[in-house]
Amino acid sequence: PVSAPPSLPGRRDSLGLLWAMLPKRPGSDERGFEPTGPEQEMVLRCRARVIQLVGGEGSGKSMMAAKLLEQRHWNLGDAEGGGRLYWLVARDYEGVRKEWEYLIEDFTALGLLDPPGVAKKTPNGYTNQVDPGLMVLKDGTEIKTKSAMHPETLRAESPDGIVICEPGQIPTGEEVYSKCLSRTMGRKTGAWLLMAGTFERMISQ
């Protein structure tokens with residue numbers, strides 16, 4: 001795989017700073033996220049542009065996918081003044097629900113989203129529904145949900161990063177993978193693609 005661009009100057013150990021500001025665990029008011037072990041930390045520190053994250057049910061794949069998106073944005077999001085674009089893609093819209101909720105919690109903790117009551121009155125905020133969903137961070141970055149049942153929506157834009165949730169559950173998985181790969185590779189410097197799931201049906205490259 002092709003390596004991601006280097007972190008911004010002065011952010012050599014940026015993950016430690018980021019993790020210190022994130023909830024210790026989902027739903028916790030305590031701050032200070034820590035990987036559960038060296039294997040999880042190795043994944044979180046991966047700098048490849050194409051990542052395949054495989055795990056069993058309940059292994060934390062959705063949380064890891066959200067953390068990886070947050071970290072890529074943390075390291076690269078202000079390189080060009082913010083205003084990035086990310087997609088969450090699944091078999092159907094409901095398939096991105098967990099990732100969506102983790103992102104809301106974490107970006108709120110980071111100060112990039114206002115709390116629900118405030119967000120309704122400001123340009124930044126997020127939709128409660130995910131069919132489709134739109135999240136707008138304070139730096140102008142947008143996170144959109146996409147359904148593989150509507151492959152025609154996987155076009156027109158060139159995201160800075162795409163997360164495919166449970167690709168093994170997508171009947172047209174190879175087509176979706178190909179479309180998402182083409183939307184990222186070669187279109188933007190540093191754009192990336194993450195596939196996270198149990199991979200019931202493996203996607204061939």
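User: Which residues of E6 are buried on one side, and which on the other?
Analyst: Gly-161, Val-163 and Cys-165 are buried on one side, Ile-162 and Ile-164 on the other, so both faces of E6 are covered. Buried means under 20% relative accessible area, with exposed over 50% and partly exposed in between (1.4 Å probe, protein chains only). Bear in mind that this is a predicted model: local features need pLDDT of at least 70, side-chain atom pairs count only at pLDDT 80 or more, and totals for chains, interfaces and linings use all residues. Residues are numbered from 1 along each chain as its sequence is written, and side-chain values use heavy atoms, leaving out hydrogens and water.

User: How many of E6's residues are buried?
Analyst: 5 of 5, across residues 161-165. Strands here are DSSP runs of at least two residues (E), helices runs of at least four (H or I), both numbered from the N terminus.

User: Which strands does E6 pair with?
Analyst: E2 (residues 85-90) pairs with E6 in the parallel sense over 4 bridges, and E7 (residues 192-197) does so in the parallel sense over 5 bridges. Two strands pair if DSSP finds at least two bridges between them. On the E2 pairing, Tyr-86 stands opposite Gly-161; in E7, Leu-193 is the bridge partner of Ile-162.

User: OK, what's the order of the strands in the sheet?
Analyst: E1-E7-E6-E2-E5-E4-E3, an open sheet of 7 strands with mixed pairing. E1 (50-54) and E3 (125-126) are the edge strands, each pairing on one side only.

User: In which sense do E3 and E4 pair?
Analyst: Antiparallel, over 2 bridges, with E4 covering residues 134-136. Tyr-126 stands opposite Met-135 there.

User: Switching topic: where is Arg-72?
Analyst: Arg-72 sits in helix H3, residues 61-76.

User: Is Arg-72 buried or exposed, and how far away is the nearest side chain of opposite charge?
Analyst: Arg-72 is buried but has no salt bridge; Asp-160, the nearest side chain of opposite charge, is 11 Å away. A salt bridge needs a side-chain nitrogen of Lys or Arg within 4 Å of a carboxyl oxygen of Asp or Glu. For charge, Lys and Arg count as positive, Asp and Glu as negative, while His and the chain ends are not counted.

User: What does the Arg-72 side chain reach, then?
Analyst: The backbone oxygen of Cys-46, at 3.0 Å.

User: And how many helices and strands does the chain have?
Analyst: 6 helices and 7 strands. Of the 205 residues, 49% are buried.

Note on methods. A polar contact is a pair of N or O atoms within 3.5 Å; within protein, one must be able to donate a hydrogen and the other to accept it, and residues adjacent in sequence count only if both atoms are side-chain atoms.
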